[in-house]
Amino acid sequence: MTKTVMVGKTALCGVLCLALVGGAHAWEPQRNVEFVVPYSAGGGSDINARMLVEAIRETGMVSRNILINNRPGGSGAVGNSYTYSKRGDGHTITTFNGGQMMSMVVNDASVQLDDLTPLATLSLDTLFVGVRAESDIENLDDLIERAEQDPGGITVGGAGRGGEDHLAFAMLDDNLGVDFQYVPFDGTGDVTSALLGGHIDAAIFKLGSRVDQSMVRFLATYSEERLDAPFDEVPTFDELGYEGLELMIFRGYAGPPDMPEEAVEFWEDVFRAAAETDKWTQEYVENNGLIPTFMGAEESAEYYQREQERYRALFQEAGMID
């Protein structure tokens, strides 16, 4: 799964090209930039944002500091509302992934997709179900057997309620023929701590969360096909005889409503350049098995609309919304 997906535009302009024209932008940051992460520190979105800041620094296109602001709570709703409150401000950006949009759909949140300004999408992610490395649950069959022995008593943790982890759990619960109990946390970092501390039996993880495989044993992946190393030993649900348990999520970025068009263009170019750096392609995307996928502001807006409808259908199929 090392292919690069190109959407909309033809070839990406290289970092050098963009750096040369960087000074010609009609808008550039005049003060420090606030990068909102609607989840707790140490989780997938937090790691994503911090790696992106390093990649942006490598491009030299942003002269001001970019400061991470973790605003966890409400499965992304707290951070989304904070970003919304910065209406018209080009100095505020936020991570915007499939989980945040799923939460909007399921929880009927006050801030919806149309209330934010899509800026870019840089990668696609997928999920796993895993247990502690020292657990006596060796494989998916063991987990199912444990749930058969204790219906509703086996706990599975995930980041948030109504997001991608919750949907992945619902698909698991609906398709394996047993009943699990879902336990939501503010972020993947909290999920990992709970699992390693023995407070939950299993957990849903995302590729981009950088979970240490020496501490967690992955039982199955929601990807369409086996991932590249170091995840190539993890079977897909389809391989294990459970068809339809496939879930890919996007990792994108947005700004507040009414962001100036010039600021949108600036951030789109910055994200495009960052996506071409070694810091991003090798240290983040390749190390996490993600699918590099660049979409600009317009393409991302159209893609998010389509994904919103797909997520709505999946949640309806799982019985989580009407």
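This is a short talk on a few features of one predicted structure.

Hi everyone, thanks for coming. Please keep in mind throughout that we are looking at a predicted model.

Let's begin inside. The largest nonpolar core holds 50 residues. Which of them have the most contacts inside that core? They are L52, L122, W267, F271 and W280. Several helices and strands feed into this core: at least two residues each come from the strands β2 (33-37), β5 (117-132), β8 (202-206) and β9, and from the helices α2 (44-59), α7 (188-196), α8 (261-274) and α9 (278-286). And which element gives the largest share? That is α8, with eight residues.

Now let's go out to the surface. There you will find a patch of negative charge, formed by E224, E225, D238, E243 and E246. I'd like to stay with E225 for a moment. E225 sits in the loop that runs between β9 (216-221) and β10 (248-255). Is E225 buried, exposed or in between? Its relative accessible area is 48%, so E225 counts as partly exposed, a class that ends at 50%. If you would like a sense of scale, take E225 and T95: they are 130 residues apart in sequence, and their C-alpha atoms are 27 Å apart in space.

While we are in that loop between β9 and β10, have a look at P230, which is found there too. The peptide bond joining A229 and P230 is cis, with omega at about 15°. If you plan to set up this model for a calculation, that is the bond I'd point you to on screen.

Next, some backbone angles. Two residues that are not glycine have a positive phi: S75, near 55°, and D258, at about 60°. Where do they lie? S75 is in the loop between β3 (66-70) and α3 (77-84), while D258 is in the loop between β10 and α8. Their surroundings are worth setting side by side. S75 has a relative accessibility of 12%, and because buried means under 20%, S75 falls in that class. D258 comes out at 54%, and since exposed means over 50%, D258 counts as exposed.

To recap, then: we saw a nonpolar core of 50 residues, a negative patch that includes E225, a cis peptide bond between A229 and P230, and positive phi values at S75 and D258. Thanks for listening, and I'm happy to go back to any of these on the screen.

Notes: Residues are numbered from 1 along each chain as its sequence is written. This is a predicted model: local features need pLDDT of at least 70, side-chain atom pairs count only at pLDDT 80 or more; totals for chains, interfaces and linings use all residues. Side-chain values use heavy atoms; hydrogens and water are left out. Patches are made of residues with over 30% relative accessible area and no salt bridge: like charges are joined within 9 Å, nonpolar side chains (Val, Leu, Ile, Met, Phe, Trp, Tyr) within 5 Å. Accessible areas come from the Shrake-Rupley method with a 1.4 Å probe; for residues, only the protein chains shown count as cover. A salt bridge is a side-chain nitrogen of Lys or Arg within 4 Å of a carboxyl oxygen of Asp or Glu. Lys and Arg count as positive and Asp and Glu as negative; His and the chain ends are not counted. The place of a charge is taken as NZ of Lys, CZ of Arg, CG of Asp or CD of Glu. Helices (H or I, at least four residues) and strands (E, at least two) are DSSP runs, numbered from the N terminus. Buried means under 20% relative accessible area, exposed over 50%, partly exposed in between (1.4 Å probe, protein chains only). A nonpolar core is a set of buried Ala, Val, Leu, Ile, Met, Phe, Trp, Tyr and Cys residues joined through side-chain atoms within 4.5 Å.
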